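Grab a pencil and open the viewer. Let's work through a few exercises together, one step at a time.

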Amino acid sequence: MQIPQDLLHALTRARKLVVLDGAGLSAASGIPTFREAQTGLWARYEPTELATPQAFSKDPKTVWEWYAWRRRLIAGSQPNAGHRALAELARRLPGLQVITQNVDGLHRLAGLEAVLELHGNIRRSICSVTRREIDSQWLERHADVSPPPSPHHPDGLARPDVVWFGESLDEAVLTTALNAAEQCDFMLVAGTSGAVQPAASLPAIARQAGAQIADINLQPGEIARLAHWHLSGPAEHWLPRLVEALETGA
Ligand code: OAD
């Protein structure tokens, strides 16, 4: 499938481009998505038993160890062609705002530092009481306890710096994302089911504000319904081709 000419024309003329991506972008890096049948994390585990503050206070060891397993999985993964294409796009379009729902930190490893991490970053740990960051040396020194205690508060425990179900997003991050969606004239959405708020509202906010929307996904889903274009197929296929086409104008 070729890139539709009108999509390319709109993308070339875009003055405020925003990218919103999800787990589908990291699938090619070997990181499971959440909702795909069989392989998705939430297909095999119950989110409410692992990714909520209640789950952590009830059984911090299980929750900490599940994230330690995900961290080990991510530690062995590399950015893929989709991440590299976004990093290249950011070099070419300094005003580009990339917003990710992913917590794997792969955009930064691909050289895209200015990524907005809506749901935090699994590579960072914080105090469960003060939410202050806990450095890796402390965690290594206390690796015999699961989860390690926090150095910042006597009742605190180490927890992953990710947004759990029922928790609100970092206010400054959310405000930046909402402003970007309201002010953009083109939003490229890649690899998300559009299942989780408030991230899932960003494309609708952009569309409402008059932006053109393109959706990259293996198959049409929630986002395709409100997109002007749907590119069916993997993000690691389409993103490099979009960047190449922007370079050559073909
Ligand atoms: P999902 O697992 O809900 O959706 C992944 C989407 O990526 C699906 O629509 C797949 O069809 C698509 N997909 C899979 N492989 C792809 C590929 N190679 N190229 C393009 N698309 C592909 O993951 P998210 O939408 O990211 O929340 O989920 C959103 C949030 O729900 C996550 O951030 C997480 C989860 O609970 C938190 O961590 C707070």
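Below are four exercises on this predicted model, each with a worked solution.

**Exercise 1. Find the residues that come nearest to the ligand, and look for N or O atoms that pair up with it.**

Step 1. Start with the surroundings: there are 24 residues around the ligand, and Phe34, Arg35, Thr192, Ser193 and Asn217 come nearest.

Step 2. Now hunt for polar contacts, using a cut-off of 3.5 Å between N or O atoms. Phe34 offers a backbone N or O atom, 2.6 Å from an oxygen atom of the ligand. With Thr192 it's the side chain that does the job: one of its polar atoms lies 2.7 Å from a ligand oxygen atom. Then look at Ala235, where a polar backbone atom is 2.8 Å from a nitrogen atom of the ligand.

Step 3. How much of the ligand's accessible area does the protein cover? On its own the ligand has 790 Å² of it, and the protein covers 94% of that.

**Exercise 2. Describe the space that the ligand takes and sort the shell around it.**

Step 1. The ligand takes up the space of the largest pocket.

Step 2. Sort the shell residues into three bins. You should get 10 nonpolar residues, 11 polar ones and three charged ones.

**Exercise 3. Trace the two open sheets and find their edge strands.**

Step 1. A reminder first: strands of a sheet pair through backbone hydrogen bonds, either parallel or antiparallel.

Step 2. Take the sheet of six strands. Reading across, you meet β3-β2-β1-β7-β8-β9, and the pairing is parallel. At its edges sit β3 (116–117) and β9 (229–232), each of which pairs on one side only.

Step 3. Zoom in on one pair in that order. Strand β1 (residues 17–21) runs parallel to strand β2 (residues 97–100), with four bridges between them. Try spotting Asp21, which stands opposite Thr100 in β2.

Step 4. Move to the sheet of three strands, with the order β5-β4-β6 and antiparallel pairing. Why is one side of β5 and of β6 left without a neighbour in the sheet? Both β5 (133–134) and β6 (158–162) stand at the edges with a single partner strand each, so there is nothing in the sheet on the other side.

Step 5. Check the link between β4 (residues 120–127) and β5: two bridges join these antiparallel strands. Ile126 has Glu133 in β5 as its bridge partner.

**Exercise 4. Track down some backbone oddities in the loops.**

Step 1. Which peptide bond leading into Pro147 is cis? That's the one from Ser146, with omega near -5°. Pro147 itself is in the loop between α8 (136–141) and β6.

Step 2. Do likewise for Pro198. The bond from Gln197 to Pro198 is cis, with omega near 0°, and Pro198 lies in the loop between β7 (186–190) and α10 (202–208).

Step 3. Finish with Arg131, in the loop between β4 and β5. Arg131 isn't a glycine, yet its phi is positive, at about 65°.

Key: Residues numbered from 1 in each chain as written. Predicted model: local features only at pLDDT ≥ 70, side-chain atom pairs only at ≥ 80, totals over all residues. Heavy atoms only, no water. Near = heavy atom within 4 Å. Polar contact = N/O pair within 3.5 Å; in protein donor to acceptor, adjacent residues only side chain to side chain. Areas by Shrake-Rupley, 256 points an atom, 1.4 Å probe, with all protein chains shown as cover. 1 Å grid on protein atoms, 1.4 Å probe; cavity = no way out; pocket = protein on both sides within 12 Å on 5 of 7 lines; lining within 4 Å. Sits in = over half its atoms within 2 Å of the grid points. Nonpolar A, V, L, I, M, F, W, Y, C, P; charged D, E, K, R; others polar. Pairing = 2+ DSSP bridges.
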